[in-house]
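Please take the sequence and the model together, and follow the account below from strand pairing to the nonpolar core and then to a single charged side chain.

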Amino acid sequence: MADHGNVPTILAAWLANKTPENLAAWISAPGAAAWGAYRAETMVGFALLTQATLALCYVVPDALYQGVGRALLASAEAHARQAGLAALGLESTRTAEAFYRRNGYEPAGALQSWAGLQAQPMRKVL
């Protein structure tokens, strides 16, 4: 991935909070909603909405450019609209920024840096 360049320390920092325990806590938090995309029994994508923030939206490399991410994003946006939200925010990796721009998100703040990674805050009016 272009964001971490397969640098072990950067990759480890990025993955550190993505544990089964944290994922379970994130999914069960008040105001959270989650979606999975599957091929047969294999998960190929996942999205997590927390309040007015798209906290996670990931697709495995083999499923990129096949509509999986767009479908996950559309599900999260539809849920947000039904919940009465006027906008969604997110922090995009540099790799995913073009995807979010294609789907109507715009930069909403200065580029952030954390543990060797960069994130662009973005927002979309629903």
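Two strands are said to pair if DSSP finds at least two bridges between them. In this predicted model, S1 and S2 run antiparallel and are joined by eight bridges. Within this pairing, tyrosine 38 stands opposite methionine 43 in S2. The two strands form a hairpin with two residues between them, and in that turn alanine 40 has a positive phi of about 55°.

From the hairpin one can pass to the interior, where the largest nonpolar core has 20 residues, and where Trp35, Leu54, Leu72, Tyr100 and Tyr105 are those with the most contacts inside it. At least two residues of this core are supplied by each of strand S1 (32–39), strand S2 (42–50), strand S3 (53–59), H3, strand S4 (87–93) and helix H4 (97–102), while the largest share, five residues, comes from H3. In soluble globular proteins, nonpolar side chains tend to be buried together. Leucine 54 illustrates the contacts in some detail: not counting residues up to four places away in sequence, leucine 54 touches Leu48, Leu49, Leu73, Ala76, Gly89, Leu90 and Tyr100.

Helix H3 (residues 68–82) also holds glutamate 77. Is glutamate 77 buried or exposed? Because buried means under 20% relative accessible area, glutamate 77, at 7% relative accessibility, counts as buried. Leaving aside neighbours within four places in sequence, glutamate 77 is in contact with Leu88, Asn103, Tyr105, Lys124 and Leu126, and of these Tyr105 is also among the residues with the most contacts inside the largest nonpolar core.

Definitions and conventions: Residues are numbered from 1 along each chain as its sequence is written. This is a predicted model: local features need pLDDT of at least 70, side-chain atom pairs count only at pLDDT 80 or more; totals for chains, interfaces and linings use all residues. Side-chain values use heavy atoms; hydrogens and water are left out. Helices (H or I, at least four residues) and strands (E, at least two) are DSSP runs, numbered from the N terminus. Buried means under 20% relative accessible area, exposed over 50%, partly exposed in between (1.4 Å probe, protein chains only). Contact means heavy atoms within 4.5 Å. A nonpolar core is a set of buried Ala, Val, Leu, Ile, Met, Phe, Trp, Tyr and Cys residues joined through side-chain atoms within 4.5 Å.
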